[in-house]
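Please go through the model below with me, taking strand pairing, burial and charged contacts in turn.

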Amino acid sequence: MPSATNIAALDGALEAVVFGTLVDWRLTVSHTLAHQAALALNSASSTSVPPAVRLFASTISWPDFAQEWRDTYKTFTRANSSPSKSTGKQAFKTVDQHHYDSLVRLLADHNLTGLWDPEQLHSISRIWHFLDPWNDSSPALHDLSKSFVLCTLSNGNVSLLRDLAAHADLPFSRILSSEHFGAYKPSPLVYNGAAEHLGLRADQCALVAAHLSDLKAARECGFQTIYVERMDEEDWSVEEVVQARREGWVDMWIGLEEQNLSPLGGLCELRGRFATGSGYVGVGGGRWEGMGFVS
């Protein structure tokens, strides 16, 4: 049966994580890398690929490579979650630039330098602009958009988020990014900046995410929290997840086992809880009048 929910009535925004929560980065990135490698090894110009690179490219696990690439993103954003304290303002490095730099570095680490030329590397580094959504994301958001305002706030840069929204048919009315605030989540600057940008208090916002670390940081800033579990997305250990659920600081919890209640699962289960009134606890009889998704 559905887990208990403690969502308070809002007149503001519901904000959600994009990577992993709304889009299946793992499948898209793995398939694209494998496809581009096959093209490089079998094209008319494949003779330019060094024999050693050809050997490594033929035996590497591209899903494992994709996971390593994703892990560099996590390390990068956490290391840059605060503005530079050094004298003079340091230029903000975008996720796009990180994806390119880390792809070049990972290829070198795996003895794959030379598999793709610079132009191909640039194109491949932009895989993250065109991730396919989970089956439930687009239909659920389209339904929710009839009643709520949908907004992003992501560690992804603005151009990336716009491309993602268009490619995955995610009907956001507002695009907000960590790029706007000069820091990456879990910096409080991002969560507080998002609420301020929308003209709301933190307690008028709720974060939807498949990552408890993100939800915990948002909670510490006064946000309400909604956890939508996705396969292989949670970084916390089983013990930490169990403890978080026991402590009750997540206001709405939609586990994988509960998503069977909706034909498409995920956000469709969230949509269903709002439709039936089981997704929130009304305060003074109030209801949510606005919604946004932060990623």
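Q: In which sense do S2 and strand S3 (residues 174-177) pair?
A: Two strands pair if DSSP finds at least two bridges between them, and S2 and S3 are joined over 4 bridges. The structure is a predicted model, in which local features need pLDDT of at least 70 and side-chain atom pairs count only at pLDDT 80 or more, while totals for chains, interfaces and linings use all residues. Residues are numbered from 1 along each chain as its sequence is written, and side-chain values use heavy atoms, with hydrogens and water left out. The sense in which S2 and S3 pair is parallel.

Q: What is the handedness of the β-α-β crossover from S2 to S3?
A: The chain leaves S2, passes through helix H7 (residues 158-168) and arrives at S3; helices (H or I, at least four residues) and strands (E, at least two) are DSSP runs, numbered from the N terminus. A crossover is right-handed if, with the strands pointing away from the viewer, the path from the first strand over the helix to the second runs clockwise. By that criterion, the crossover through H7 is right-handed.

Q: Why is strand S5 (residues 224-228) described as largely enclosed by the rest of the structure?
A: Buried means under 20% relative accessible area, exposed over 50% and partly exposed in between, with a 1.4 Å probe and protein chains only. Gln224, Ile226 and Val228 point one way from S5, whereas Thr225 and Tyr227 point the other way. S5 is largely enclosed because the number of its residues that are buried is 5 of the 5.

Q: Which residue in S6 stands opposite tyrosine 227?
A: S5 pairs with strand S6 (residues 252-254) in the parallel sense over 3 bridges, and the chain reaches S6 from S5 through helix H10 (residues 238-247) in a right-handed crossover. The residue of S6 opposite tyrosine 227 is tryptophan 253.

Q: How far apart are the end C-alpha atoms of helix H3 (residues 62-79)?
A: The expected span of a helix is 1.5 Å times one less than its number of residues, and for the 18 residues of H3 this gives 26 Å. The buried residues of H3 pack against helix H1 (25-42), helix H2 (51-59), helix H4 (95-109) and helix H5 (118-125), where contact means heavy atoms within 4.5 Å. In agreement with the expected span, the end C-alpha atoms of H3 are apart by 26 Å.

Q: How far from aspartate 24 is the nearest side chain of opposite charge?
A: Aspartate 24 is found in the loop between strand S1 (13-16) and H1, and although buried it has no salt bridge, a term for a side-chain nitrogen of Lys or Arg within 4 Å of a carboxyl oxygen of Asp or Glu. Lys and Arg count as positive and Asp and Glu as negative, while His and the chain ends are not counted. The nearest side chain of opposite charge is that of arginine 26, at 5.1 Å.

Q: Which residues are joined into one network by salt bridges that share partners?
A: Aspartate 235 forms a salt bridge with lysine 74, the closest N and O atoms being 2.8 Å apart. This pair links distant parts of the chain, 161 residues apart, with aspartate 235 in the loop between S5 and H10 and lysine 74 in helix H3. Aspartate 235 is partly exposed at 42% relative accessible area, whereas lysine 74, at 14%, counts as buried. Salt bridges that share partners make one network of Asp71, Lys74, Arg78 and Asp235.
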